[in-house]
Amino acid sequence: MKPPLSASSSILMRKARLSPYIFGLLAFIIFVAILYWEDFMCLLGDLDPDVVEVPSRAEKKWEKLPFSIGRTPEGCDVFIGKWVRDELTRPLYDESECPYIQPQLTCQKHGRPDKDYQFWRWQPHGCDLPSFNASLMLETLRHKRMMFVGDSLNRGQYVSMICLLHRLIPKEAKSMETFDSLTVFTAKDYNATIEFYWAPFLLESNSDNAIVHRVSDRIVRKGSINKHGRHWKGVDILVFNTYVWWMTGIDMKILQGSFEDDVKDIVEVTTEDAYRMAMKSMLRWVRKNMNPKKTRVFFTSMSPTHDRSIDWGGKPGLNCYNETTMIDNSTYWGSDTRKSIMHVIGEVFSKSKYPISFLNITQLSSYRRDAHTSIYKKQWNAPTPEQLANPASYADCVHWCLPGVQDTWNELLYTKLFYP
């Protein structure tokens, strides 16, 4: 007969029997942790798409960015550089052969006498932009959706992208249709769409009608991004912009309730605070609705205006009209308002938990006072005799001629998509 086991002996025997299971469980946990560590960290928001200080993690981060095929050289900021004249590769297409350009952007058709603005290429310091490969872009978009969301400046970038691609698509295999705020270009053989959605504030506003939106007393509804955001779901590449519609020169009016309310609760806040609210709403929507493992989100910074020549040392009362050369001051920036808005963007984006690629087109576009549509466009209203006597009084120094500056924006978008 065996002697009874002591309490300590019994515990040791149970530990011995359990140890294989414990070691097996620990091994499994370690294996899962190694395999899914980066996914777990991404969920926690630790991975930043552009700035990761630890080299080994940066390499892993880059490998997981959707659509990437290479990398921008270390230490090269593609948004810092200079414009160089290039008559061999510019323009990237002819105005007359792209039927998708709105008449508000066809400067040659509307009498612009020079073409110099078309022959400039952006050259970053220390590296080169990869050549825009339309075939690669179309293959990447196969079975996918690309969407530009914002105002008419983002629509210009959208149209530029279509002009860069459409020549590779047979006439019978492409179409463009507009459904209220949504315009859809379809490449049928690729089962791909490139879309533009009109939402000048991103949030719901009284300027949301895609046709009738010239409202001077602009009102933006707080917390309303889902009004438009439901149309953005399922997109694979999303490009946002919003800026010029916020620049009213006065405080912004923010609606607290609904536009349907009989008595509207409206408060006035500074442009910077209103813009900050919109940026936070956009980032919150992206975090909740986009999958960083499958999609890419971009934000295009402010498109500069050139409506005050005194900003670059010109005469008072003049603007971009009759300007055929660019600003040659490399430190030129523009208005203080633009700086304050850029500060808001930097502040909000630095706290983002979702990898958004920032397209900083502001500085490089600031030099291009020569490339606006000016008076060479279809006019909404016929100029008065007084305006005709002073063309600067009705010159459009906001929008850009195509081909032109906005093609460069898309070259930068292409670079950050494939070579982040």
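Is C401 buried or exposed? In this predicted model, C401 has a relative accessible area of 0% and is therefore buried, the cut-off for that class being under 20%. The cysteine is bonded to C107, with a sulfur-to-sulfur distance of 2.0 Å. The torsion about this S-S bond is about -95°, which makes the disulfide left-handed. Distant parts of the chain are linked by the pair: C107 lies in the loop between β1 and β2, C401 in the loop between β14 (396–400) and α10 (405–418), and 294 residues separate the two. C107 is likewise assigned as buried because its relative accessible area is 0%.

The disulfides of the model number four. With bonded cysteines counted along the chain, their connectivity follows the pattern 1-4, 2-5, 3-8, 6-7.

Another of these bonds is formed by C76 and C127, whose sulfur atoms are 1.8 Å apart. A torsion of about -50° about the S-S bond of C76 and C127 gives a left-handed disulfide. C76 is placed in the loop between α2 (55–64) and β1 (81–85), and C127 in the loop between β2 (120–124) and α3 (134–140); the pair thus links distant parts of the chain, 51 residues apart. Both C76 and C127 are buried.

C98 and C163 are also joined by a disulfide, with an S to S distance of 2.0 Å. The torsion about the bond between C98 and C163 is about -85°, so this disulfide is left-handed. Because C98 is located in the loop between β1 and β2 while C163 belongs to helix α4 (residues 152–165), the bond ties together parts that are 65 residues apart in sequence. C98 has a relative accessibility of 4% and so counts as buried. For C163 the relative accessible area is 0%, and this residue is therefore buried as well.

On the surface, K280, R284, R287, K288 and K351 form a positive patch. One of these residues, R287, is part of helix α6, which covers residues 271–289. The relative accessibility of R287 is 46%, so the residue counts as partly exposed; exposed would require over 50%. Membership of a patch has a lower threshold, over 30% relative accessible area, and R287 is included in the patch.

Terms used: Residues are numbered from 1 along each chain as its sequence is written. This is a predicted model: local features need pLDDT of at least 70, side-chain atom pairs count only at pLDDT 80 or more; totals for chains, interfaces and linings use all residues. Side-chain values use heavy atoms; hydrogens and water are left out. Patches are made of residues with over 30% relative accessible area and no salt bridge: like charges are joined within 9 Å, nonpolar side chains (Val, Leu, Ile, Met, Phe, Trp, Tyr) within 5 Å. Accessible areas come from the Shrake-Rupley method with a 1.4 Å probe; for residues, only the protein chains shown count as cover. A salt bridge is a side-chain nitrogen of Lys or Arg within 4 Å of a carboxyl oxygen of Asp or Glu. Lys and Arg count as positive and Asp and Glu as negative; His and the chain ends are not counted. The place of a charge is taken as NZ of Lys, CZ of Arg, CG of Asp or CD of Glu. Helices (H or I, at least four residues) and strands (E, at least two) are DSSP runs, numbered from the N terminus. Buried means under 20% relative accessible area, exposed over 50%, partly exposed in between (1.4 Å probe, protein chains only). A disulfide is a pair of cysteine sulfur atoms within 2.5 Å.
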